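Trainee: I have a model open and want to learn how to read it. Can we start with the cysteines?

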Amino acid sequence: MARNPATRLLRNCSSQFKVRYISSSNRFTLSCNEFHNPSMQMHQSVGFTHPERTQLNKCSSSSSGLDFRVLNFNKRLYCTPNEFVNSSSSLQSTEPIASEHGDDNKIKDQVSPSTNEGSKHVSALDPEEIYRRLCDAPISIKLGLEECEELSEIFRCFARSGWASNQALAIYIGASFFPTAAHQFRNFFFKKCDRDIVDHLLSLGPGTESDKFLFPIFVEYALEQHPDEIKKFRSMIASADLTKPETWFPFARAIKRKIIYHCGPTNSGKTYNALQRFMEAKKGIYCSPLRLLAMEVFDKVNSLGVYCSLLTGQEKKYVPFGNHTACTVEMVSTEELYEVAVIDEIQMMSDLYRGYAWTRALLGLQADEIHLCGDPSVLSIVRKICKETGDELIENHYERFKPLVVEAKTLLGDIKNVRSGDCVVAFSRREIFEVKLAIEKHTTHKCCVIYGALPPETRRHQANLFNEQGNEYDILVASDAVGMGLNLNIRRIVFYSLSKYNGDKIVPVPPSQVKQIAGRAGRRGSIYPDGLTTTLHLDDLDYLIECLQKNFDEITKVGLFPFFEQVELFAGQISDITFSQLLQKFSENCRLDGCYFLCKHDHIKKVANMLEKVEGLSLEDRFNFCFAPVNIRDPKAMYHLLRFAQSYAMNVPVSLAMGVPKFSARNDMELLDLESKHQVVSMYLWLSNHFKEESFPYVKKAEGMASDIAELLGESLIKADWKPESRNQGKKGEDREEGYQRPRSMVKMQEKKRQEKENSGSVEKVTV
Ligand SMILES: Nc1ncnc2c1ncn2[C@@H]1O[C@H](COP(=O)(O)OP(=O)(O)OP(=O)(O)O)[C@@H](O)[C@H]1O
Ligand SMILES: [Mg+2]
């Protein structure tokens, strides 16, 4: 008697599937919720025995828009969303047995069991019957040596089959357990097989055909023989469930929130307008992508008479009677109630590393009004999220105050052609210092510098020095750290190059980032309200224009990362693995809805590996230590983090054990040392805000050291006239060795375009 497919489905398969019967015609359709995390290759296939005379007419997807393929392995139907079909080459070649239009006869021929069981060939038998036949067999037939070897080969192939391993996930046989289960299945088979089955298998030979024949029998075997393994794997999968993240914030869901999306290009007044509402509110929170921007808003709002506190990972500045807070987005509380919240640079939801912080703020903030400021790339996904959360969405669209003008002349490859008010953008520390050195050597201009490794205080000092009129510091040389939100007196953005190292290789700077950076020129209210942008080399000009003219790509997925509690729950399912392995396993097994991805966390795993040798840290402590802001490429900073964790684990007060130089840097080595030292102090302050205060008793001292170092850094930058060093000499990385070349493909591409342009005659100015 064949099983009811629905029962089977619910018993063995993902609850994401639903069977919908259309009883009148004795047909059914299948539907599923969205499936995700293709990286984990979870093959959400559904196996069931087709009931007699029931015709499978149609397989359709749910509203998710996924199509199914119904695959037939010996009378057993496996329903697989195409998404997964595409991820498995062996499945791709399998013909669906039913289409949208149905092919009833074909289906019937293939799936309806014959009524005359006795005369049936093995290939026509129900896999469950074959399994029963094997179980009931008293003893195996005698196999010849050749048969034995051939059969062994067939089972070896089966155990190694990526397809079968992938399919087995549908019944919660994990990829690591599959080879063991397959091996045990082989032993069972050898003990019990009969002539018909052996002959049939031998006729199929090792490979796909045999795998497809064996798999459904294996399913029967595994369900009966390994219920504990299945249960264990299933609960592990359940504990790594990151679907429906909107349900993680029931208090936010209980509020009828109004989301206002300030959508537009750079310099269009998005943040300005959101801040107006923030300042009017009785209680407000501003979430910034950067410490520096949080500080800027903190200063601005307080100067306008609205008491506002500052909260970043490193500093808490409480302003008495202040009901407003400017914070970094990672620090925002989802437990407090606000009248107005502002989440700036909302498109950062799609950031591969930090995106989860924006997603969490959007889903979890308890505020009557939430103002999102950003470009249009995440608008459609925000619409989708608002539908899921039930929030009202209002869209305010903005245009740039003044168009950005591209200067077609460029600097003609000569940095001496810079002019007052220029900001030269380079994408590595080394290039930044090379440019500064060249400008100061060959022109009368002086340069301020802004790059990621500088403390926000120093960056602000440099920005102010550049913004002030009447001094000789009229050129800014900056990395992409200048790109977000800051208001600077920049007349023209000059791209020194348009390629950068992305942690792996040198790639063209993405158009959205080029737009963001170019948008720093000509801000409303600055002394240069008409913005210009250009490149150093003529070669790069076309790429610049292309980027500026390109529409924003629509983002389809935004970042998520589990809370500690979710990781803890998952850890409860597995024993004897390191924290880094735990994170790895989590990422392999977690389930996500279609519009989310799991944020990258390689840096966290690196820290976790280093901290592995520290004994006595709880899982939560380990989790928190791994999030400390540390440059994993800086061995000194890593060493201090390890030391801090060791002291903390031993329950002794964590000391800084580090001196501050008395004088500003005289060479690049000393400058790098100051940057490193500031990072260590900043890390100490971060840890003091995330762990028990008494464990980090030297906060005051650390604060003093941080501002001393920032000051020394400022002084050092003013007189810096040396050649830059690399933090990791010999290693590839952000600080590249001298003489690196832009990717050839890009140079070629630009050369080709330039040729075309020269043929067609060049324009002087292009307005974008
Ligand atoms: N209505 C206004 N009145 C006066 N100044 C304004 C007004 N709107 C914007 N500004 C000023 O224009 C400049 C750019 O505005 P804002 O920072 O809000 O732009 P944005 O769209 O958020 O840009 P970005 O995308 O670069 O963050 C700021 O200096 C801001 O103070
Ligand atoms: Mg802004």
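Mentor: Start with Cys193, keeping in mind that this is a predicted model. Cys193 is buried, at a relative accessible area of 1%.

Trainee: Why is Cys193 not bonded to Cys148?

Mentor: First, the general idea. A disulfide covalently links the sulfur atoms of two cysteines. Here the closest cysteine sulfur to that of Cys193 belongs to Cys148, and at 8.7 Å it is too far for a bond. The cut-off is 2.5 Å.

Trainee: How far is Cys386 from the nearest cysteine sulfur?

Mentor: The sulfur of Cys595 is the nearest, 11 Å away, and Cys386 is in no disulfide. Cys386 is buried too, with a relative accessible area of 4%. Across the whole structure, the search finds 0 disulfides.

Trainee: Now the sheet. In what order do the strands run?

Mentor: In general, strands of a sheet pair through backbone hydrogen bonds, parallel or antiparallel. This open sheet has 8 strands, ordered β9-β8-β10-β7-β11-β12-β6-β13, with mixed pairing. β9 (316-317) and β13 (392-397) each have a single partner strand, so one side of each lacks a neighbour in the sheet.

Trainee: How is β8 joined to β9?

Mentor: By 2 bridges, with the strands antiparallel. Leu311 faces Lys316 of β9.

Trainee: Which strands does helix α16 lie across?

Mentor: Helix α16 (residues 379-389) lies across β6, β12 and β13, at about 160° to β13.

Trainee: And which residues of helix α24 are buried?

Mentor: In α24 (residues 619-626), Asp621, Arg622, Phe623, Phe625 and Cys626 are buried. Their cover includes α21, α22, α23, α25 and α26.

Notes. Residues numbered from 1 in each chain as written. Chains lettered and ligands numbered in written order. Predicted model: local features only at pLDDT ≥ 70, side-chain atom pairs only at ≥ 80, totals over all residues. Heavy atoms only, no water. Buried < 20%, exposed > 50% of the residue type's maximum accessible area, 1.4 Å probe, protein only. Helix = DSSP H or I, 4+ residues; strand = E, 2+ residues; numbered from the N terminus. Contact = heavy atoms within 4.5 Å. Pairing = 2+ DSSP bridges. Axes fitted to C-alpha atoms, helices over the stretch in contact; angles between N-to-C directions.
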